[in-house]
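Work through the exercises below with the structure in view. Try each task before you read its solution.

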Amino acid sequence: MKKIIACLLFAQISFAQTVYPTLGKIIANDASFSQIVSPDAKIEVLGSGFVWAEGPVWVSDDDYLLFSDPRQNAIFKWNEKEGITTWLKPSGYTGHGFYSDEPGSNGLLINQKGELVACEQGDRRISRMKPDGGGKITVADNFEGKPFNSPNDICEHSSGAYYFTDPPYGFQGMKDDPTDRTEVFGVYRVSPDGKVTRVVSNLKRPNGILLSQDEKTLYVSQTDREAVIMSYPVKSDGSLGEGKIFFDLRPYKTAADGMKKDKSGNIFTGAGNGIMVISPKGKLLGKIDTGVPTANCAFGDDGWLYITAGKYVCRVKTLTSAR
């Protein structure tokens, strides 16, 4: 019955709209936040009826948004003209039968070659493909001969290397899987020539991942009781130095999920019921409060910030941009 209701809700919004419903509010924790998001900015709902919207990415060449729903094993597309349509299904697990409640893709990015790079939880790999078709190519699917757990989120260095997280969230019940896998829920680097190295091995639940504007720092969020955003210095060979806590979310009784940055280096992260905005110095500037569990976000090319928030996909106009 829940699946039927979700389909009906989705069917109601699978067409282009000119006026969108709104939700939530803008909360400033620092006076400077009004220069990032206007206090009267509206959070517009572009679509609903999803199970758990995730991993948004803007495709600049053709002006549209792609985002995952790992629980529906699908990637959806949104643009102003067509509204929301199913873009790829399956997006993760391609086997037969039941795999888990979250078999699909999670984090997405458009790489420097214009390809879509996806964290596939069910097929336990990083893949890439051209947005206009042509099939998937595996970027990485194991470390030292053992399959990954469930790749979750990813970012790209200007060198062409990728960094990604590998928690257990794609397993049934989000628990450790008894099948053959890497024992560590790690953070990995894939070099341009395809070599996989583990760069962080002591986090319990690494999740969101982001490179700083100058690429000298890698941020990794941990969604665990020890809910923090860690920062690691990036060395010239791509390895990482010793990590430290960049932002502690435990006082806020929430955890950070996916992260993006603006041109000033401010970090926008899904956290609890909204997007927290944190300065490069680790100060909370404000929150785009959706009022519902919020996973991730991505900048469009025109100042819109697109937000995946539970069963909703939203956007809010900002006064900043990704570049």
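The exercises cover a sheet, its hairpin, some aromatic rings and some unusual backbone angles.

The model is predicted. Keep that in mind throughout.

**Exercise 1. The sheet**

Find the order of the four strands in the open sheet, and work out which strands stand at the edges.

Solution.
- Step 1: Read the order. It is β8-β9-β10-β11, and the pairing is antiparallel.
- Step 2: Look at the ends of that order. β8 (105–110) and β11 (137–140) each have a single partner strand, so one side of each is left without a neighbour in the sheet.
- Step 3: Check the twist. Neighbouring strands are turned by 30° against each other on average, with direction ignored.

**Exercise 2. Strand by strand**

Go through the pairs of this sheet and give the number of bridges for each, with one pair of opposite residues.

Solution. A reminder comes before the steps: strands of a sheet pair through backbone hydrogen bonds, either parallel or antiparallel.
- Step 1: β8 pairs with β9 (residues 116–120) over four bridges, in the antiparallel sense. Ser105 stands opposite Glu120 in β9.
- Step 2: β9 and β10 are joined by five bridges, again antiparallel. Leu116 has Met129 in β10 as its bridge partner.
- Step 3: β10 and β11 run antiparallel and share three bridges. Here Ile126 is partnered by Ala140 in β11.
- Step 4: Turn to the surroundings of β10. Four of its five residues are buried, so β10 is largely enclosed by the rest of the structure.

**Exercise 3. Positive phi**

Which residue in the turn of the β9–β10 hairpin has a positive phi, and is that residue buried or exposed?

Solution. Most residues other than glycine have a negative phi, and most peptide bonds are trans.
- Step 1: Find the turn. The hairpin of β9 and β10 has four residues between its strands.
- Step 2: Name the residue. Arg124 in the turn has a positive phi of about 55°.
- Step 3: Apply the cut-off. Buried means under 20% relative accessible area. Arg124 has 10%, so Arg124 is buried.
- Step 4: Compare another case. Asn73 is not a glycine, yet has a positive phi of about 55°. Asn73 lies in the loop between β5 and β6 (74–79). Its relative accessible area is 11%, so Asn73 is buried.

**Exercise 4. A cis bond**

Where is the cis peptide bond that involves Pro90?

Solution.
- Step 1: Identify the bond. It joins Lys89 and Pro90, with omega about 5°.
- Step 2: Place Pro90. It is in the loop between β7 (83–88) and β8.

**Exercise 5. Aromatic rings**

Classify the ring pair of Phe50 and Phe67, then place both residues in the chain.

Solution. A pair of aromatic rings is described by the distance of the centres and the angle of the planes.
- Step 1: Count the pairs. There are 13 aromatic pairs.
- Step 2: Take the distance and angle. The ring centres of Phe50 and Phe67 are 5.2 Å apart and the planes stand at 90°, so the pair is edge-to-face.
- Step 3: Locate the residues. Phe50 is in the loop between β3 (43–47) and β4 (54–59), while Phe67 is in strand β5 (residues 64–69). They are 17 residues apart, and the pair links distant parts of the chain.
- Step 4: Check burial. Both Phe50 and Phe67 are buried.
- Step 5: Look for a cluster. Ring pairs link Phe143, Phe148, Phe164 and Tyr188.

**Exercise 6. Charges over rings**

Which rings have Lys77 and Arg315 over their faces?

Solution.
- Step 1: Lys77 lies over the face of Tyr64, 4.5 Å from the ring centre.
- Step 2: Arg315 lies over the face of Trp304, 3.9 Å from the ring centre.

Definitions and conventions
Residues numbered from 1 in each chain as written. Predicted model: local features only at pLDDT ≥ 70, side-chain atom pairs only at ≥ 80, totals over all residues. Heavy atoms only, no water. Pairing = 2+ DSSP bridges. Helix = DSSP H or I, 4+ residues; strand = E, 2+ residues; numbered from the N terminus. Axes fitted to C-alpha atoms, helices over the stretch in contact; angles between N-to-C directions. Phe/Tyr/Trp six-rings, centres within 6.5 Å; stacked < 30°, edge-to-face > 60°. Buried < 20%, exposed > 50% of the residue type's maximum accessible area, 1.4 Å probe, protein only. Lys NZ or Arg CZ within 6 Å of the ring centre and 35° of its normal.
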